[in-house]
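Work through these exercises with the sequence and the model open side by side. Try each task before reading its solution.

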Amino acid sequence: MTTMESLIGLVNRIQRACTALGDYGGGDNTFSSLWEALPSVAVVGGQSSGKSSVLESIVGRDFLPRGSGIVTRRPLVLQLHKTDEGSQEYAEFLHLPKRRFTDFGAVRHEIQEETDRITGKTKQISPVPIHLSIYSPNVVNLTLIDLPGLTKVAVEGQPESIVEDIETMVRSYVDKPNCIILAISPANQDIATSDAIKLSREVDPSGERTFGVITKLDLMDKGTNALDVLEGRSYRLQHPWVGIVNRSQADINKNVDMIVARRKEREYFATSPDYGHLASKMGSEYLAKLLSQHLESVIRARIPSITSLINKSIDELESEMDHLGRPIALDAGAQLYSVLEVCRAFERIFKEHLDGGRPGGDRIYGVFDNQLPAALRKLPFDRHLSLQNVKRVVSEADGYQPHLIAPEQGYRRLIEGALNYFRGPAEASVDAVHFVLKELVRKSMEETQELKRFPTLRADIAAAANEALERFRDEGKKTVVRLVDMESSYLTVEFFRKLPQEVENKGGNPGGNPQATAAVDRYGEGHFRRIGSNVSSYIGMVSDTLKNVIPKAVVYCQVREAKQSLLSRFYTQLGKKEGKQLSQMLDEDPTLMERRQQCAKRLELYKAARDEIDSVSWTR
């Protein structure tokens, strides 16, 4: 195989592999960067301009659907692969990768069926391409893209936007700087009205990547010819114009062999009084060779950028493979090690959230610094220590025997009733921290890349972590409620001993207690107000105490335990599992398995392409 054939064949193989691996945006023709870096030839022309005949002449086979009006309704990406002399010709569709077509009539039928599958049996169009590869000793290595014919008027059964839709689709291909434009114009129409030339002039004003093709030369009126166009006087391009003689309708109806048609075409130019002097540069065979030679020069110029892009793709894919993880070993020991590694990765991220390496742990401090104090301030002590309630509680506490000096039982009942209110904020603090810890577990699982591979293991770890947090919450609630109960169980005596004593001093008894600040009526409002004030002061002292010790208890019972033993029970259970159970835990997400396989195939493709490029001699 010549250097040129090696180069173009290499590009064809890369393009073929790219499409097979999905490295193209068929739906909207937004090809991947590697695909776009590879040159291809887009066949552009108006409806019935002879595009199909040109393609069939290049291929040497009658394989395209024919008819009046719009026949090509989806882009056809046609990749030609030259095979050894004497080998059998066959075709393959990307959507039928395991089926070889040796009957090209069946190829035509499949193109029609595949078109109808997307567009229906209508005259609608679709940008989703059909990918067809033809392997034959009678072709040159080329990638050709047959596009719907440009039109000026929507016919019955087509939307009014069809004209604009077709042009937009065609432009999406020919706008690309690596696209070679094969502009088809019929000889029996004025070149000034050519849709293909008009469009190519807009996207390629210099004409550097446009090849002009004149079809139907044999159908021109007698006494006229297309020499002004073919010799570049009517419209000059940087590449020579090529004339084509299509098969006649009679030849098509008779199924005249394409090889015979090529011979007739050569004879036409060789014997033509008008085009005889151009015979060596006319015809479909010459056009195929011309395009192939041009492709070779374009590929040579693009090789450095293609190689750079392939190397970049390899680096990115290898990085993604590391990110996705390598396949899991089959032995139980290695599987247990893999599970433990994933668990450690999760625990490391969870601890980083708590310790401040990642966001989220600060919300726990917010519970202690904002939510708990706010909840304590909202407790209904004003109502509990109202004059009416204090009088009622104290009176009920005295029973039938009025208190003698200080209403101790009344004090106790008022304090115990007030302290019960602290249970709510204490338990709410536990619940609030529990919610934060659960949210941090969820975030940590999302951020643990290794867990994305194993949905079963992810579910098991999530269940174990949340079960542990529930235990920690239960213990936290028990502890903070005990703190409140301890305050009720033993009152701080020194607080009350420091209070001024109330005594009766009726009649100004000079022998009264010298420390007494005033004589008090034990049934007066001032007496009950003073009791309420004293209890309020004591409750304030207890509130300050609980505001400090509740966070300590919550951190000790929940946060500290979550850091130290979140998965302790899970590890204990893990050691009892057998190999089959470990394999089930490491059952990967099918989507990730598929992605890894795709990455592996792409890596294989790109590395093979790089090696093949390196192996080709670039010297002429």
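The exercises below use a predicted model and go from a sheet to a loop residue and then to the nonpolar cores.

**Exercise 1. Lay out the sheet.**
Find the order of the nine strands in the open sheet, and say which strands stand at the edges.

*Solution.*
- Step 1: Trace the strands across the sheet. The order is 4-3-5-2-6-1-7-8-9.
- Step 2: Check the directions. The pairing is mixed.
- Step 3: Go to the edges. Strand 4 (96-101) and strand 9 (242-243) stand there. Each has a single partner strand, so one side of each lacks a neighbour in the sheet.

**Exercise 2. Place strand 1 between its partners.**
With which strands does strand 1 pair, and over how many bridges?

*Solution.*
- Step 1: Take strand 7 (residues 179-186). Strand 1 pairs with strand 7 in the parallel sense, over six bridges.
- Step 2: Find the register on this side. Ser-40 stands opposite Cys-179, and Gly-45 stands opposite Ile-184.
- Step 3: Turn to strand 6 (residues 142-146). Three bridges join strand 6 to strand 1, and the two run parallel. Here Val-41 stands opposite Leu-144.

**Exercise 3. Sort the residues of strand 1.**
Which residues of strand 1 point one way, and which the other? Are they buried or exposed?

*Solution.*
- Step 1: Recall the rule. Side chains in a regular strand alternate between the two faces of the sheet.
- Step 2: Apply it to residues 40-45. Ser-40, Ala-42 and Val-44 point one way. Val-41, Val-43 and Gly-45 point the other way.
- Step 3: Check the cover. Six of the six residues in strand 1 are buried.

**Exercise 4. Classify a loop residue.**
Why does Thr-151 count as buried, and what does Thr-151 touch?

*Solution.*
- Step 1: Locate Thr-151. It sits in the loop between strand 6 and helix 5 (162-174).
- Step 2: Compare with the cut-off. Buried means under 20% relative accessible area. Thr-151 has 18% relative accessibility, so it counts as buried.
- Step 3: List the contacts, leaving out residues up to four places away in sequence. Thr-151 touches Gln-47, Val-163 and Ile-166.

**Exercise 5. Map the cores.**
Which residues have the most contacts inside the largest nonpolar core?

*Solution.*
- Step 1: Take the largest core, with 66 residues. Phe-422, Leu-457, Ile-461, Ile-539, Leu-566, Leu-567 and Phe-570 have the most contacts inside it.
- Step 2: Find the main contributor. Helix 19 (residues 525-565) gives the largest share, 12 residues.
- Step 3: Look outside this core. Another core of 38 residues lies apart from it, including Ile-70, Ile-125, Val-174 and Phe-269.

Methods. Residues numbered from 1 in each chain as written. Predicted model: local features only at pLDDT ≥ 70, side-chain atom pairs only at ≥ 80, totals over all residues. Heavy atoms only, no water. Core = buried A, V, L, I, M, F, W, Y, C linked by side-chain atoms within 4.5 Å. Buried < 20%, exposed > 50% of the residue type's maximum accessible area, 1.4 Å probe, protein only. Helix = DSSP H or I, 4+ residues; strand = E, 2+ residues; numbered from the N terminus. Pairing = 2+ DSSP bridges. Contact = heavy atoms within 4.5 Å.
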